[in-house]
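Me: I am new to this structure. Please give me a close look at one part of it: how much space lies in the largest pocket? Then take me outward from there, in short steps.

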Amino acid sequence: VTTKNTFDFFNDNASGVPVKILDKSNNFTYKENVNAGYVNYQRQLNEKWSLQAGVRAEQTNSDGNLTRADGTVQADNRVKKSYLNLFPSAAVTWVVDKKNSLNLTFSRRIDRPTYQDLNPFENKLDELTYEEGNAFLRPQYTNSVELTHTFMGFINTTAGYSHVKDYATQVTDTTGNATYIQQQNLATQQIISFNIGAPLPIKKWWNGYANIYYNYQMFDGAVGGKGVKLNISSYGAYMQ
């Protein structure tokens with residue numbers, strides 16, 4: 001994938017001819033190539049037990065190149081990366097009896113930063129505030145484990161745990177007299193979750209679905225050299 005973004009900034013003068021503002025204009029080209037392969041194994045062990053396991057390999061090559069219209073060369077004008085990741089997954093299902101079954105799953109995934117977040121150019125929002133991309137922003141990786149209980153084939157209750165490495169979020173910080181906004185890898189995130197959902201057969205011609213959930217998130221990281229520990233709980237319900 002190749003993405004190119006041209007941002008040109010102009011001022012109108014008295015003659016009505018736009019004048020390009022060089023220190024606010026830039027071109028940013030981002031190239032990303034992901035090569036992947038996977039293998040998967042599935043087997044019914046007996047009447048009650050079944051197994052599925054697999055692994056996916058991904059080789060990522062990226063190249064971000066910033067060209068400023070004013071010719072200024074920044075240390076992060078060009079950043080090239082190349083990395084290999086393995087993403088295993090597994091699931092074990094146990095049919096306890098006619099009414100109950102249990103399913104245990106494990107998965108690992110990657111969330112790559114967008115090219116907008118990688119563009120290191122400083123975009124001025126006002127005289128004292130600007131936003132800036134982070135050419136060194138790393139992908140975040142999530143390992144998840146979930147245990148699901150199914151009752152009567154339609155009521156699903158799930159308990160899960162997720163661990164996120166290099167959690168990325170938007171940060172507001174200061175430098176000198178200015179305030180800047182930037183995506184940064186801040187913390188380790190852990191999530192404990194609980195979820196229960198089931199269809200609602202109201203009438204032959206009228207069906208519904210109900211779901212309730214609870215999440216508890218734990219963050220452990222640093223902002224501007226200062227440690228941050230934050231725990232957040234959330235809950236909600238959904239009905240259709």
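Reply: The largest pocket holds about 340 Å³ of space. The model is predicted, so read each value below as computed from that model.

Start with the wall of the pocket. Its lining has 16 residues. Nearest the centre lie Q116, N119, F121, E131 and G133. Which elements supply the lining? Four of them give at least two residues each: β1 (2-7), α1 (115-118), β9 (129-132) and β12 (178-203). So look for three strands and a helix around this space, each with a stated share in the wall. By class, nine of the lining residues are polar, four are nonpolar and three are charged.

Now follow two of those strands, β9 and β12. An aromatic pair joins them. The whole structure has four aromatic pairs. In one pair, the ring centres of Y130 and Y180 are 5.8 Å apart. Their planes meet at 25°, so this pair counts as stacked. The cut-off for stacking is under 30 degrees, and 25° falls below it. Two values are given here for a reason: a ring pair is described by the distance of the centres and the angle of the planes. Y130 sits in strand β9 and Y180 in strand β12. The two rings therefore tie together parts that are 50 residues apart in sequence. Y130 and Y180 are both buried.

Stay on β12 for one more residue. Q183 lies in this strand. Is Q183 buried or exposed? Its relative accessibility is 19%, so Q183 counts as buried. That value is just within the class, because buried means under 20%. A polar atom of the Q183 side chain lies 3.2 Å from the backbone nitrogen of Q170.

Next, step past β9 into the loop that follows. R138 lies there and forms a salt bridge with D166. The closest N and O atoms of the two are 3.0 Å apart. R138 is in the loop between β9 and β10 (140-151), while D166 is in strand β11 (residues 155-175), so the bridge ties together parts that are 28 residues apart in sequence. The two partners fall into separate classes of exposure. R138 is partly exposed, at 40% relative accessible area. D166 is buried, at 17%.

That bridge is one of nine salt bridges in the structure. Another joins D70 to R68, with the closest N and O atoms 3.0 Å apart. D70 is partly exposed, with a relative accessible area of 28%. R68 is buried, at 15%. A further bridge links R109 and D111, where the closest N and O atoms are 3.4 Å apart. Here each partner is partly exposed: R109 has 46% relative accessibility, and D111 has 29%. There is also a network of salt bridges, which links R56, E58 and R112.

Now turn from the pocket to the cavities. How many cavities of 30 Å³ or more are there? The count is two. A pocket is open; a cavity is a space where the probe fits but cannot get out.

The largest cavity holds about 150 Å³. It is lined by 18 residues. Y30, S62, K81, L118 and A135 are the closest to its centre. Three strands give at least two residues each: β4 (26-44), β5 (49-68) and β6 (78-95). The largest share comes from β6, with four residues. The lining has 10 nonpolar residues, five charged and three polar.

The second largest cavity holds about 40 Å³. Its lining can be named in full: F7, F9, K24, F121, E122, N123 and K124. Strand β8 (residues 122-126) gives the most, with three residues. Three of the lining residues are nonpolar, three are charged and one is polar.

This last list leads back to the start. F121 lines the second largest cavity, and F121 is also among the residues nearest the centre of the largest pocket.

Notes. Residues numbered from 1 in each chain as written. Predicted model: local features only at pLDDT ≥ 70, side-chain atom pairs only at ≥ 80, totals over all residues. Heavy atoms only, no water. 1 Å grid on protein atoms, 1.4 Å probe; cavity = no way out; pocket = protein on both sides within 12 Å on 5 of 7 lines; lining within 4 Å. Points joined across faces, edges and corners; volume = space filled by probe spheres on them. Nonpolar A, V, L, I, M, F, W, Y, C, P; charged D, E, K, R; others polar. Salt bridge = Lys/Arg side-chain N within 4 Å of Asp/Glu carboxyl O. Buried < 20%, exposed > 50% of the residue type's maximum accessible area, 1.4 Å probe, protein only. Phe/Tyr/Trp six-rings, centres within 6.5 Å; stacked < 30°, edge-to-face > 60°. Polar contact = N/O pair within 3.5 Å; in protein donor to acceptor, adjacent residues only side chain to side chain.
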